[in-house]
Amino acid sequence: MRDTESPRTGRRGPRARRGRLIGCTLLVTALGAGVTGCSSDGSPLSAEPYDAADQISFSGSLDEGKPADPDKPLEIVAKDSDGRITDVTAVDAAGRRLAGELAADGSRWHSTTPLAADAQYTVRVSTEDEDGAPGRKVLTFTTGKPGTAKRLGVTFGPEAGTYGVGQPLVAELSEPVKDRAQRAVVERGLKVDSTPAVTGAWHWVDDKKLHFRPKDYWPAQATVQVRSNLEGIRIGDRLRGGAAKPLTIRTGDRVIALTDAAAHRLTVYKNDEEIKQIPVTTGKPGFETRNGVKVVLAKERFVRMRSTTVGIAEGSSESYDLDVHFATRVTWSGEYVHAAPWSVGSQGYANVSHGCVGMSTADAEWFFDTFRQGDLVEVVNSEGDTMEPFGNGFGDWNLDWDKWRAGSALTADGTAPDTGEAARLRPATL
């Protein structure tokens with residue numbers, strides 16, 4: 001070996017190159033690497049990064065002369081016993097970051113999320129030699145095209161628009177996903193950004209549907225964006241992520257109606273200030289109104305309500321066929337807040353309805369004009385059951401935060417308590 005001076009340390013002789021790796025035999029393209037000597041003060045710690053190409057090797061997903069296999073992890077190894085890897089970032093052309101794990105001693109980094117198929121990645125590796133001088137290597141590689149696997153489509157809901165602060169996000173999948181590990185891949189690929197930032201999590205309703213909600217209600221006047229980063233990502237042996245249309249919604253004021261069934265009174269709060277009290281009637285014995293938090297689903301200026309649609313036989317003592325105005329729907333099974341001029345004498349005094357919250361026509365019109373989809377209606381002190389979380393509207397808020405997070409595939413055992421580390425949503429793009 002020629003006795004030449006090291007551009008990193010100023011030492012002469014072969015020791016300066018001890019343990020340096022041979023160049024990778026992989027199909028990579030260096031984008032840039034500075035090779036400079038020490039700074040003017042002679043300290044290697046303040047030197048510009050040196051070219052770390054011969055200190056690291058790549059394995060696992062790369063073969064010489066071929067695109068990388070997206071079904072295998074990316075692995076980077078430092079083979080110089082006097083040096084170590086200090087940081088790795090890998091990002092594809094779409095801006096998706098490849099998550100990874102670095103060994104405590106800096107000897108190895110490996111990806112922990114799947115690579116996308118038919119994608120180009122840029123990898124930036126930072127190293128440190130035995131003297132603490134920094135090294136750097138930047139390279140690109142491409143992954144192969146996907147095979148004949150099915151594509152997982154994702155449709156987000158609701159439609160773009162402005163909603164109340166209780167509106168959950170919905171992700172509908174085109175294929176069922178049952179395996180917990182595959183569900184975790186899906187969740188990591190579904191990105192939610194909120195301005196202002198909130199803490200939130202996905203919850204699997206069933207094999208093809210997820211809901212996302214914050215720990216608490218959305219902030220008023222927030223902007224919420226949801227998108228999928230799953231395109232090309234391997235989810236299962238025969239399933240890869242497909243394209244998905246992103247969604248942006250906004251929230252309006254924080255509007256909540258608190259209905260006290262025992263007091264026969266509904267109180268409306270706007271941005272935490274009481275703005276109106278309304279005398280009401282709720283469900284009578286045998287037809288009690290559901291307790292709990294409900295989310296406004298829709299508004300109908302006119303709806304014909306018939307008892308036969310809820311299992312009450314026509315002609316029986318409890319049958320009815322009514323034309324109802326200013327109906328604000330809170331369950332799919334037919335619970336509304338609506339005008340009930342026939343029961344005005346009982347409103348504020350007794351519960352005589354078949355489960356709906358009834359009020360005067362003037363109050364129902366005001367309620368109809370004040371509330372929007374996604375606003376909240378909470379019922380307390382009823383003898384009825386609690387609103388179910390799913391299947392009859394949005395009862396998502398009736399699960400406490402620990403139970404909500406237990407429905408995520410990203411918690412350690414499905415019952416992990418909140419650690420403050422759940423998806424922290426930031427307005428910046430990721």
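**Notes on the predicted model**

1. Start with confidence, since this is a predicted model. The average pLDDT for the chain is 83, and 81% of the residues score at least 70. Two stretches to read with care: residues 1-40 have a pLDDT below 50, though the model gives this stretch 91 contacts beyond near neighbours in sequence. Residues 413-430 are also below 50, with 37 contacts beyond near neighbours in sequence.

2. Now have a look at the sheet. It is an open one, built from four strands in the order β12-β20-β17-β14, and the pairing is mixed. At the edges you'll find β12 (161-163) and β14 (190-195), each of which pairs on one side only. From one strand to the next, the twist averages 25°.

3. Zoom in on one pair from that sheet. Strands β17 (residues 223-228) and β20 (residues 247-251) run antiparallel and are joined by four bridges. If you want a spot to click on, try Val224, which stands opposite Ile249 in β20. As a reminder, strands of a sheet pair through backbone hydrogen bonds, either parallel or antiparallel.

4. Next, the helix. Helix α1 (residues 180-189) lies across β14 and β17, and its direction makes an angle of about 35° with β14.

5. One residue in that helix deserves a look: Arg183 sits in α1. Is Arg183 buried or exposed? Its relative accessible area is 16%, and the cut-off for buried is under 20%, so Arg183 counts as buried. Leaving aside residues up to four places away in sequence, Arg183 touches Val177, Lys178, Trp204, Asp206, Asp207 and Ala409.

Note on methods:
Residues numbered from 1 in each chain as written. Predicted model: local features only at pLDDT ≥ 70, side-chain atom pairs only at ≥ 80, totals over all residues. Heavy atoms only, no water. Pairing = 2+ DSSP bridges. Helix = DSSP H or I, 4+ residues; strand = E, 2+ residues; numbered from the N terminus. Axes fitted to C-alpha atoms, helices over the stretch in contact; angles between N-to-C directions. Contact = heavy atoms within 4.5 Å. pLDDT = per-residue confidence, 0-100. Buried < 20%, exposed > 50% of the residue type's maximum accessible area, 1.4 Å probe, protein only.
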